[in-house]
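User: Please take one part of this model and go through it closely, from a single residue outwards. I am in my first year, so give the cut-off for each term when you use it.

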Amino acid sequence: MRADFYLIQKPRFREEPLLLVCELARKAQQAGQPCIVLARDAAQAEKLDDLLWSFDPDAFIPHQIVDPEMDEGDDEEIEVLIATPEHDVALRPLVINLRDAAVDGAFERVLEVVPADDSARGPLRQRWVQYRDRGFTLNKHDM
């Protein structure tokens, strides 16, 4: 299992951190890896949904916010699922975590987006330790 921490530094990601999430989702799609994005709340999920349509006019990333009305198996066709905390959904091998806690469950790799704001980095340092203590391979990327 692996945890990758993406530290936001570039001005465009500082202005809109969800642009980095769009780039990570695009990389996953290009690699043929369906992923799930664990959004912090419904507003963040909707903003990400909008950005995935508009961040790059040449990119098409099939995505959907998890809907409790979806039939079992419908989500398998969707490359990027966006889940809000109120919807319990199965994890995928690749998880992009935007929530305030480390991810538990069955997955192979988690991507953690680290804000540029130093006050927000404290909890992510704790998460680094949690993943390390669980035996994950850890990587840090400056973005």
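Analyst: Leaving aside neighbours within four places in sequence, L138 is in contact with A3, F5, W128, Y131 and R132, where contact means heavy atoms within 4.5 Å. L138 itself sits in strand 7; helices (H or I, at least four residues) and strands (E, at least two) are DSSP runs, numbered from the N terminus. By contrast, L138 and R14 are 124 residues apart in sequence and 23 Å apart in space, C-alpha to C-alpha.

Two notes on the numbers belong here. This is a predicted model, in which local features need pLDDT of at least 70 and side-chain atom pairs count only at pLDDT 80 or more, while totals for chains, interfaces and linings use all residues. Residues are numbered from 1 along each chain as its sequence is written, and side-chain values use heavy atoms, with hydrogens and water left out.

Strand 7 belongs to an open sheet of 7 strands in the order 3-4-2-5-6-1-7, with parallel pairing. Two strands count as paired if DSSP finds at least two bridges between them. Strands of a sheet pair through backbone hydrogen bonds, either parallel or antiparallel. Strand 3 (63-65) and strand 7 (137-142) are at the edges with a single partner strand each, so one side of each has no neighbour in the sheet. From one strand to the next, the twist averages 20°; axes are lines fitted to C-alpha atoms, for helices over the stretch in contact, and angles run from 0 to 180 degrees between N-to-C directions.

At the strand 7 edge, strand 1 (residues 2-7) is joined to strand 7 by 6 bridges, and the two run parallel. L7 has D142 of strand 7 as its bridge partner. Helix 4 (residues 118-133) lies across strand 1, strand 5, strand 6 (109-114) and strand 7, at about 160° to strand 6.

At the other edge, strand 3 pairs with strand 4 in the parallel sense over 3 bridges, and H63 has V80 of strand 4 as its bridge partner. Strand 4 in turn is joined to strand 2 by 4 bridges, again running parallel. Here I36 is partnered by L81 in strand 4, and C35 by V80. Strand 2 also pairs in the parallel sense with strand 5 over 4 bridges, with C35 opposite L94 in strand 5. Helix 3 (residues 42-54) lies across strand 2 (35-38), strand 3 and strand 4, running at about 160° to strand 3.

In a regular strand the side chains alternate between the two faces of the sheet. Strand 2 is covered on both faces: C35 and V37 on one side, and I36 and L38 on the other, are all buried, buried being under 20% relative accessible area, exposed over 50%, and partly exposed in between (1.4 Å probe, protein chains only). Strand 4 is covered on both faces too, with V80 and I82 buried on one side and L81 and A83 on the other.

Two loop residues can be placed against these strands. I61, in the loop between helix 3 and strand 3, is buried, with a relative accessible area of 1%. Not counting residues up to four places away in sequence, I61 touches C22, A25, R26, Q29, L52, F55 and V80. I61 and Q29 are 32 residues apart in sequence, yet 7.1 Å apart in space, C-alpha to C-alpha. R92 lies in the loop between strand 4 (80-83) and strand 5 (94-97). R92 is also buried, at a relative accessible area of 10%. Its side chain reaches two backbone oxygens: that of C35 at 3.1 Å and that of I78 at 2.9 Å. Each is a polar contact, a pair of N or O atoms within 3.5 Å; within protein, one must be able to donate a hydrogen and the other to accept it, and residues adjacent in sequence count only if both atoms are side-chain atoms.
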